Amino acid sequence: MSGFKKFLMRGNLVELAVAVVVGATFSGLIQALVKDLVTPLIAAITGGREPDFSGYTFTLNGAEFKYGDFVNSLLSFLIVAAVVYWLVVLPMTRFLALFETKKEATEKQCPECLSDIPLAARRCAFCTVELSTVSAADRPPA
């Protein structure tokens, strides 16, 4: 029983549970945004009616294929994906870019073996070439 208790109290499991709950709630929020704001906006642009393809079907040897439902689901997915991208992903990417600090280089490439070596190095630790004597013109063609 103690093993099961340890399993339940592990940090990763709790974080995963929180992520699932927040994700489900966020999904509901995005679905409501699309249903209540974006779809009526599309209806206003296209002449006052919401796009509905659920009645589109065809029959083949007695089997009914409801491709209209698939088209509705596809359009819903594309609209939700666009909303998530434009309202969540893009702003978050820009927001995180504000906090990235310009990182100064601490290494350079050896002109002979292309290994990463410290900036202050005068000899490559990998191929032992003296860096002060090697220039780009002395390198063999690639």
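Where is Leu 114 found? I started there and saw that Leu 114 sits in the loop between strand S3 (107-109) and strand S4 (116-118). I kept in mind throughout that this is a predicted model.

**Entry 1: two unusual phi angles**

I looked up the backbone of Leu 114 and noted a positive phi of about 60 degrees, although Leu 114 is not a glycine. I then checked its accessibility: Leu 114 counts as partly exposed, because its relative accessibility is 49% and the cut-off for exposed is over 50%.

Asn 61 went on my list too, as a non-glycine residue with a positive phi, here about 50 degrees. I found Asn 61 in the loop between strand S1 (58-60) and strand S2 (63-65). With a relative accessible area of 82%, Asn 61 is exposed.

**Entry 2: the cysteines**

How many disulfides does the structure hold? I counted zero. Cys 113 is in no disulfide, and its nearest cysteine sulfur belongs to Cys 124, 3.6 Å away. Coming from the other side, I noted that Cys 124 is in no disulfide either, with the sulfur of Cys 113 as its nearest at 3.6 Å. A pair has to lie within 2.5 Å to count, so the 3.6 Å between these sulfurs leaves them unpaired.

I also wanted to know how open each one is. Cys 113 is partly exposed, at 30% relative accessibility. Cys 124 is buried, with a relative accessible area of 2%.

**Entry 3: the largest pocket**

Next I went looking for empty space. The largest pocket came out at a volume of about 230 Å³. Its lining is made of Gln 31, Val 34, Lys 35, Thr 39, Ile 42, Glu 50, Pro 51, Asn 72, Leu 75, Ser 76 and Ile 79. Helix H2 (11-45) and helix H3 (67-99) are the elements that give two or more residues to this lining.

Which element gives the largest share of the lining? I found that H2 does, with five residues. Sorted by class, the lining has five nonpolar, four polar and two charged residues.

I picked out Lys 35 from the lining and placed it in helix H2. Is Lys 35 buried or exposed? At 57% relative accessibility, Lys 35 counts as exposed. I then compared its position with that of Ile 79: the two are 44 residues apart along the chain, and their C-alpha atoms are separated by 9.9 Å.

**Entry 4: helix H3**

Ile 79 led me on to the rest of H3. The buried residues of H3 are Gly 68, Ile 79, Val 80, Val 83 and Leu 90. I jotted down a reminder for myself: an α-helix has 3.6 residues a turn, so residues three or four places apart point the same way.

I checked the length of H3 as well. With 33 residues at 1.5 Å a residue, H3 should span 48 Å, and its end C-alpha atoms are 47 Å apart, which agrees. I also looked for a bend, and H3 has one of about 40 degrees at Tyr 85.

**Entry 5: Ser 54 and Asn 72**

My last lookup was Ser 54, in the loop between H2 and S1. Ser 54 counts as partly exposed, at 31% relative accessibility. I paired it with Asn 72, one of the residues that line the largest pocket. Ser 54 and Asn 72 are 18 residues apart in sequence, and C-alpha to C-alpha they are 6.7 Å apart in space.

Note on methods
Residues are numbered from 1 along each chain as its sequence is written. This is a predicted model: local features need pLDDT of at least 70, side-chain atom pairs count only at pLDDT 80 or more; totals for chains, interfaces and linings use all residues. Side-chain values use heavy atoms; hydrogens and water are left out. On a 1 Å grid over the protein atoms alone, a cavity is a set of points where a 1.4 Å probe fits but cannot get out, and a pocket is an open set with protein on both sides within 12 Å along at least five of seven lines; lining residues have an atom within 4 Å of a point. Grid points are joined across faces, edges and corners, and a volume is the space filled by probe spheres set on the points. Helices (H or I, at least four residues) and strands (E, at least two) are DSSP runs, numbered from the N terminus. Ala, Val, Leu, Ile, Met, Phe, Trp, Tyr, Cys and Pro count as nonpolar, Asp, Glu, Lys and Arg as charged, and the others, Gly among them, as polar. The expected span of a helix is 1.5 Å times one less than its number of residues. The bend at a residue is the angle between axes fitted to the seven residues ending there and the seven starting there. Buried means under 20% relative accessible area, exposed over 50%, partly exposed in between (1.4 Å probe, protein chains only).
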